[in-house]
Amino acid sequence: MRRKAEALAGETASPEAFLRLLGEYEDARRGNRDLPEGVRRKVEAPAEGGAAEAGIFKTLARRRLSLQEELCYAFPDAIPPSAGCREVTPDDAGAFDFSLFPWLIEELPFVQPCFACLEGNKIVSLCRSVRIFSQKDGMISPAAHEAKEAEGASVSGVASSPAAHEAGIETAPAYRGKGYAKEALFAWAGAVASLGAVPLYSTLKTNLPSRRLAEKAGLIPFA
């Protein structure tokens, strides 16, 4: 199980930290690349015994964040093919109608791979990489990619050595319940796997529709 730090204002935020308990005295933890360096070091500092979770979230609590539980899922080894979706890249963005998701146009360079289900040329459901994890740099969100590029800093280290990508799914309200989200999810997962990375899916424990999607897709809960 994973804990998600969320802004008190009510807007969903990128998770601040991941903690996976591997045993009574062992854990794997990682702080968000977006965290201030000092906070990130405290989050990732080794803890003794069962103090790991308490230490991490005590640090985050000082940042005035609330905590919500997330469930994490892996994909089966054989990812079902999806022929009903199109890949959406910055190079071919002009071929699509983004009217239901206008924000995606600016986000697109930082959330690859991205796949969409269409009605005509209108994007009605999509799945993209909302967080990328690399062996070298840990977790980095699309916002961090964009900020670093704006500063003139290179983000190629994250893009060139991905260990895992996490899915972000959106379906326009009028098009829900038609199976589009599952098709987009499978298309995205297949593309991530073809990069040599691991596709992952997570959702808040309270998000029942998202949990049902994971079950219908045959995803495997692991944390």
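These legends go with a set of close-up views of a predicted model.

**View 1. The whole chain, for orientation.**
Start with the parts list: the secondary structure comes to seven helices and 11 strands. The chain has 223 residues, and buried ones make up 45% of them. If you look at contacts between residues at least 6 apart in sequence, 65% join residues at least 24 apart. The accessible surface comes to about 11500 Å², with 51% of that belonging to carbon and sulfur atoms.

**View 2. Where the predictor is confident and where it isn't.**
Averaged over the chain, pLDDT is 75, and 57% of the residues score at least 70. Confidence is highest in strand β6 (residues 114-119), at a mean of 97, and lowest in helix α5 (residues 156-160), at 39. Over residues 143-150 the pLDDT is below 50, and the model gives this stretch 13 contacts beyond near neighbours in sequence. Residues 20-28 also stay under 50, with 14 contacts beyond four places in sequence. Go easy on such spots, because predicted coordinates should not be read in detail where pLDDT is low.

**View 3. Arg128 and its two acidic partners.**
Zoom in on Arg128, which sits in strand β7 (residues 122-134). Its side chain meets that of Glu107 in a salt bridge, at 3.1 Å from N to O. Glu107 belongs to helix α3 (residues 104-107), and the two residues are 21 apart, so this pair links distant parts of the chain. Arg128 forms a salt bridge with Glu170 as well, where the closest N and O atoms are 3.7 Å apart. Because Glu170 lies in strand β9 (residues 162-171) and Arg128 in strand β7, this pair ties together parts 42 residues apart in sequence. Put together, Glu107, Arg128 and Glu170 are linked in a network of salt bridges. As for burial, Arg128 counts as buried because its relative accessibility is 7%, while Glu170 is partly exposed at 31%.

**View 4. Glu166 and Arg131, a salt bridge between β9 and β7.**
Here the side chains of Glu166 and Arg131 meet in a salt bridge, at 2.9 Å from N to O. Glu166 is in strand β9 and Arg131 in strand β7, 35 residues apart, and the pair links distant parts of the chain. Both Glu166 and Arg131 are buried. For the tally, a search of the whole structure finds four salt bridges.

**View 5. Cys114 and Cys127, unpaired.**
The disulfide count for this model is zero. Cys114 is in no disulfide, and the nearest cysteine sulfur, in Cys127, is 7.9 Å away. Why is there no bond from Cys127? The closest cysteine sulfur to that of Cys127 is the one in Cys114, and 7.9 Å is too far for a bond, given a cut-off of 2.5 Å between sulfur atoms. Cys114 counts as buried because its relative accessibility is 0%, and Cys127 counts as buried at 0% too.

**View 6. Ser82, a loop residue with a polar contact.**
Ser82 is found in the loop between β4 (65-74) and β5 (85-87). Is Ser82 buried or exposed? With a relative accessibility of 18%, Ser82 counts as buried, since the cut-off for buried is under 20%. The side chains of Ser82 and Glu183 are joined by a polar contact of 2.9 Å. Setting aside neighbours within four places in sequence, Ser82 is in contact with Glu183, Phe186 and Ala187.

Technical notes: Residues numbered from 1 in each chain as written. Predicted model: local features only at pLDDT ≥ 70, side-chain atom pairs only at ≥ 80, totals over all residues. Heavy atoms only, no water. Helix = DSSP H or I, 4+ residues; strand = E, 2+ residues; numbered from the N terminus. Buried < 20%, exposed > 50% of the residue type's maximum accessible area, 1.4 Å probe, protein only. Contact = heavy atoms within 4.5 Å. Areas by Shrake-Rupley, 256 points an atom, 1.4 Å probe, with all protein chains shown as cover. Polar contact = N/O pair within 3.5 Å; in protein donor to acceptor, adjacent residues only side chain to side chain. pLDDT = per-residue confidence, 0-100.
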